[in-house]
Structure formats: C-alpha cells, structure tokens
Amino acid sequence: THELSSRSSVPPIVFVCPYFRFGLPNPLSPQSKPVRFHIGREYLVYGIVAKSSKSGSVVVRAEDDGKEYTVDIGAVKPVSDMDPSQGVEDMIQLSDLHQGSLLRNIRRRYEAKQIYTYTGSILVAANPYTQLGIYAKEMVRKYEGQLIGKLPPHIFAIGSAAYANMLKTRNDECVVISGESGAGKTESTKLIMQYLAAINRAPSNLTTEQILEANPLLESFGNAK
C-alpha cells in the first residue's frame, strides 16, 4: 500500500519503477550476499543464497518473507549493497534502481518507523495503522517555508511546497493524493489541510474554518462511485 503526493507544477504523476538488468558475475556461492533474483513476482526480490547446487540451480532465501526458493542460477545476480540498512530518504539516490529496490527501501524505512520517503518531489507514504506523534505544532513550524529535501520526508513538506509555490506564482495549487483503498488518502488529505490551517496568518479564524470544513466535500469526491 502506498500513496503519492506532489505539487501541481509537476506534470500528472506517473509512478514508474523501471526494471534495469545489470550484468554481474557468476557463479554464486552460499557466501554471496546480498543477491537479487526472480521468483515469479513482477519485481526483483532481494535475499541471500542459502544453498548451492551443481544442477544449475540454487536455493535462495528471500529478504522480505524469509522463505526459501529454488531458482535457476542464471536468474540470480549479486549486488553491491551500498545503501544504508534503514534505507535512503530519497530513492533517486539508490545505488541499485528498479522496482524491487524501491519496494525494499520503503520496507526498510517502514520497519524503522519512517513512513515517508521521497522520490524526487514525490512523497511515498506507507500507512502505519498507528499513531506516530509526528504531526504536532512543532512539526508545522519546523517544515514551514522549507524546500522539499532540506528536512526528512514528511507530508508537511508537501503542504509547504504547494503553499510556497502558490504565493510565488499567484496561481491555484493542487496536491495529488493517490493510493489503494486503505492506503491513508483521507488521513493524508486531513494532514495537508491541518498544515495549511496552522500556517494561516489571517486576523480571523474564518479562513482556517473554511479550510477544515472543506474536508467532507473532498472526501465525498473520493468516495464517489
């Protein structure tokens, strides 16, 4: 489950995870680590070689589910894992770039309770299904006026970028929030509006009330069949 957010100044979002094939040395031994391989999924899986065989196949242990799979040795490629064990904040910095490495990075950060990750100016959010306490007023002040990438990934950074771009261009601004059912789209919308309401400098509370009261209308569009 994921979620994408971006500024309207960026063309319509297309979340692409390109697959690149790297020519890396063979054969593999049980000491090789880490490796990536195909096991019938739509993306490459990371893991280690658990057992080698002279029959042209090896037993590999997947990193994400811990299960062992027997695969052809030609489908297993060693990788140079230079990325931090807890993942990188911006996935364009990954040393090994393809759909499997993107998913692996998101999972690593999620396990470290880092639910937000950038891909350039796009924010990927994994629903934690729990309260993390990272949306207090202190965080609003921390991200207000900051450029994307200057601070760790956060949905308030997207709100800040949209607001700053609106003031700069004097044009309407849009934040695209996309994801599967249960990904957290409604909650992310509320957080964006919470941020915009918090930085409101109007002398009255009318603007703040209008921002917050827009949520039911926005949610109704999202629930429309």
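A residue is called buried when its relative accessible area is under 20%, and because serine 101 has a relative accessibility of 4%, serine 101 counts as buried in this structure. The structure is a predicted model, and the values reported below were computed from its atoms. Serine 101 is found in helix H1, which covers residues 99-111, and the side chain of this serine has polar contacts with the backbone ahead of it in the numbering. A polar atom of the side chain of serine 101 lies 2.6 Å from the backbone oxygen of aspartate 96, and a polar atom of that side chain also lies 2.8 Å from the backbone oxygen of histidine 98. When neighbours within four places in sequence are left aside, serine 101 is in contact with Tyr46, Leu94 and Asp96, and aspartate 96 therefore appears both in this list and as a partner through its backbone oxygen, with contact here meaning heavy atoms within 4.5 Å.

The protein chain as a whole contains six helices and nine strands. Of its 225 residues, 36% are buried. Among the contacts in the chain with a separation of 6 or more, 53% are made by residues 24 or more positions apart.

A second buried residue is histidine 154, which is placed in the loop between helix H2 (137-143) and helix H3 (155-169). Histidine 154 has a relative accessibility of 3% and so counts as buried. The side chain of histidine 154 reaches the backbone oxygen of isoleucine 134 at 2.8 Å, and it also reaches the backbone nitrogen of phenylalanine 156 at 2.9 Å. With residues up to four places away in sequence not counted, histidine 154 touches Tyr116, Tyr118, Leu123, Ile134, Tyr135, Met139 and Tyr143. Isoleucine 134 is thus named among the residues touched and also supplies the backbone oxygen reached by the histidine side chain.

The loop between H2 and H3 also holds leucine 147, but this residue is described by another term, since at 67% relative accessibility leucine 147 counts as exposed. The C-alpha atom of leucine 147 is separated by 7.7 Å from that of serine 160, although the two residues are 13 residues apart along the chain.

Serine 160 also takes part in the packing of helix H3 with helix H4. Two packed helices are described by the angle between their axes and the distance between the axes. The axes of H3 and H4, the latter spanning residues 185-198, come within 9 Å and cross at roughly 55 degrees, which means that H3 is oblique to H4. The crossing of these two helices is right-handed. On the side of H3 the contact is made by Ile155, Phe156, Ile158, Gly159, Ser160 and Tyr163, and on the side of H4 by Ser188, Leu191, Ile192, Gln194, Tyr195 and Leu196. Sorted by character, the residues of this contact comprise eight that are nonpolar, four that are polar and none that is charged.

The loop between H3 and strand E9 (178-179) contains cysteine 174, and arginine 170 lies in the loop between these two elements as well. Cysteine 174 is partly exposed, because its relative accessibility is 38%, whereas arginine 170 counts as exposed at 68%. The C-alpha atoms of cysteine 174 and alanine 162 are separated by 7.1 Å, with the two residues lying twelve residues apart along the chain.

The backbone of arginine 170 deserves a separate remark. Most residues other than glycine have a negative phi. In arginine 170, however, phi is near 60 degrees, a positive value in a residue other than glycine. Lysine 113 likewise has a positive phi, near 60 degrees, and is not glycine. Lysine 113 lies in the loop between H1 and strand E7 (116-119), and this lysine is exposed, with a relative accessible area of 65%.

A last loop position is that of alanine 75, which is placed between strand E5 (68-72) and strand E6 (76-78). At 22% relative accessibility, alanine 75 counts as partly exposed. Alanine 75 touches Arg36, Phe37 and His38 when residues up to four places away in sequence are not counted. The C-alpha atoms of alanine 75 and isoleucine 39 are separated by 8.6 Å, and these residues are 36 residues apart along the chain.

Note on methods: Residues are numbered from 1 along each chain as its sequence is written. This is a predicted model: local features need pLDDT of at least 70, side-chain atom pairs count only at pLDDT 80 or more; totals for chains, interfaces and linings use all residues. Side-chain values use heavy atoms; hydrogens and water are left out. Helices (H or I, at least four residues) and strands (E, at least two) are DSSP runs, numbered from the N terminus. Buried means under 20% relative accessible area, exposed over 50%, partly exposed in between (1.4 Å probe, protein chains only). A polar contact is a pair of N or O atoms within 3.5 Å; within protein, one must be able to donate a hydrogen and the other to accept it, and residues adjacent in sequence count only if both atoms are side-chain atoms. Axes are lines fitted to C-alpha atoms, for helices over the stretch in contact, and angles run from 0 to 180 degrees between N-to-C directions. Angles under 35 degrees count as roughly parallel, over 145 as roughly antiparallel, 65 to 115 as roughly perpendicular and the rest as oblique. A crossing is left-handed if the near helix is turned anticlockwise from the far one by less than a right angle, and right-handed if clockwise. Ala, Val, Leu, Ile, Met, Phe, Trp, Tyr, Cys and Pro count as nonpolar, Asp, Glu, Lys and Arg as charged, and the others, Gly among them, as polar.
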